[in-house]
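These are my notes from a reading of the structure shown below. I looked up one residue, then its chain, the nonpolar cores and the sheet of the other chain.

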Amino acid sequence: MSKYFFSICLLFTVFLVQSQEITTDTIKKEIKQEKPKSKTTKAVTETIADSVPVKKDRYGLRVGVDLYKLTRGFYDKDYKGVEFVGDFRLTKNYYLAAELGIEDKTTDDDRLNSTATGTYIKGGFDYNLYNNWLDMENIISVGLRGGFSTFSQQLNHYKIYNSSQYWGEIPPVADGTKYTGLTAAWAEVALGMKAKVFNNVFVGFGVQLKMLLANKEPDNFENLYIPGFNRTYDGNFGVGFNYTVSYFIPLYKKKVIIPETEKKAPKK
Amino acid sequence: MKKILYFLLVFTFGLSSCEKDDICDANTPTTPRLIISFYDITTPSVKKSVTRLKVTGKDQPEGVIFNEGGTEITKYLTSGDSIAIPLKINEDSTTFSFILNSDSSNPELANTDEITFNYSRQNIYVSRACGFKTIYRLNTQNPFVKNDSGNDGIWMQDVRVYNPNIEFENETHVKVFF
């Protein structure tokens, strides 16, 4: 199952890059068509100023919500959760980024059924790899995060593994023990893209690869699901996915000093 | 930065290939069976093989299978010097009938003894794939009760608890001298 998930994620990353390239082309064309229009109207007044147009980047705070987690609660009865995302543009390419979330997930395995409930916070930065044209503000980013979660885990019921079935199959043992005060910390590499769909509204996809650094496990049980980190595996690795919609709150503008527009043309 | 991207792609491929599946490995120590070893009553340090021993749990129609590859009759029989029998995981005592010379051509030779093992249980977490296992501890008071079943005398002349903690199958828990 998760094998497919990885493949899908991979496919997604490929698509993201591809689709992004196409849009740049179309927008390029649009701009080319528009340019002569403005020139004809203001040609007389702006003959000197027009030669090097002043490019300004917008800086501000972007806040949003993960729609994947939000909508999953509607079709998956074992899941309730929400994640808020935010980033703040520090420099041309660096963004301070953070995610804050709460999750309630019941993990139903063949032999175990447990519910993890808790909150998490992730903080770090994103680096924008994408060279935007003119006033475009799209992002294809690679980032790092540190994550921390505090949660509880309830063991609902379990099965006892008995290689001998001589005395017959025993029904699952109801337990209900709640292990509280559990914590976990991890680092993650975040790949993502955000596209401005209109005005200040952005839509984004993200894939995260996680590595568990610290994990406080309960006695006689294991953290099968960590809010924010997701399902745990035998090793320290984990994966995550999000689909966000966010709103950009512009705070100030900064001039782009180097006239990079010509240099950027042969992209990649 | 491009290098990092490639690295991550390779990394993802790597992750997807080395991911384990959710099947409990047969080598994982799970719920142990009770290991009984048989010894010679005259020279207690020497192991002695039983002959055509059949072990049946109380109220069970069939015996414990000792020989997977055997026929309908022989798969329940053992002529070795130790046996592994499953204890109940949902009760604190299990009763077995030990039938020596079972299915012999001469029914007179068959001798049945009955032992009830008394123990406490503990469920221990193993893994996501295996779930839990049960480990046992034979009671210090009355770890077992021996009965002659069938009025044919007792063939187990002495029964001793060797290791009351039943956690693994690689050690003897109970010694039977005959």
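I count two residues as in contact if their C-beta atoms, placed from the backbone, lie within 7 Å. I also record at the outset that the model is predicted.

**Entry 1: a residue of chain B**

I looked up S120(B), which lies in strand β6 of chain B. Which residues does S120(B) touch, not counting those up to four places away in sequence? I found D92(B), R137(B) and N139(B). Is S120(B) buried or exposed? S120(B) counts as exposed because it has 11 C-beta neighbours inside 10 Å, and the limit for exposed is 12 or fewer. I then checked T94(B), 26 residues from S120(B) along the chain; the two C-alpha atoms are separated by 11 Å.

**Entry 2: chain B as a whole**

I noted 1 helix and 11 strands in chain B. The helix comes before the strands when the pattern is read along the sequence. Chain B has 178 residues, and 28% of them count as buried. I took the contacts in chain B between residues at least 6 apart in sequence and found that 60% of them join residues at least 24 apart.

**Entry 3: the nonpolar cores**

In soluble globular proteins, nonpolar side chains tend to be buried together. I therefore looked up the largest nonpolar core, which has 25 residues. The members that touch the most others are L34(B), I36(B), L53(B), V55(B), I85(B), F98(B) and F117(B). Several strands of chain B each supply at least two residues of this core, among them β2 (53-57), β5 (93-100) and β11 (174-177). The largest share comes from β1(B), with 5 residues. Apart from this core I found another, of 10 residues, including Y179(A), L182(A), I226(A) and F229(A).

I followed V55(B) further, leaving aside neighbours within four places in sequence. The contacts of V55(B) are then G63(B), V64(B), I83(B), I85(B), F96(B) and F98(B).

**Entry 4: the barrel of chain A**

How many strands close into the barrel of chain A? I found 8, in the order β1-β2-β3-β4-β5-β6-β7-β10, with antiparallel pairing. From one strand to the next, the twist averages 25°.

Helix α2 (residues 67-75) of chain A packs on the sheet and touches β1, β2, β3 and β10 of chain A. I noted an angle of about 165° between the directions of this helix and β2(A).

For one pairing I looked closer: β3 (residues 94-108) and β4 (residues 112-128) of chain A run antiparallel and are joined by 15 bridges. I102(A) has T119(A), in β4(A), as its bridge partner.

Notes:
Residues numbered from 1 in each chain as written. Chains lettered and ligands numbered in written order. Predicted model: local features only at pLDDT ≥ 70, side-chain atom pairs only at ≥ 80, totals over all residues. Core = buried A, V, L, I, M, F, W, Y, C linked by C-beta atoms within 7 Å. Buried ≥ 20, exposed ≤ 12 C-beta atoms within 10 Å, placed from the backbone. Helix = DSSP H or I, 4+ residues; strand = E, 2+ residues; numbered from the N terminus. Pairing = 2+ DSSP bridges. Axes fitted to C-alpha atoms, helices over the stretch in contact; angles between N-to-C directions.
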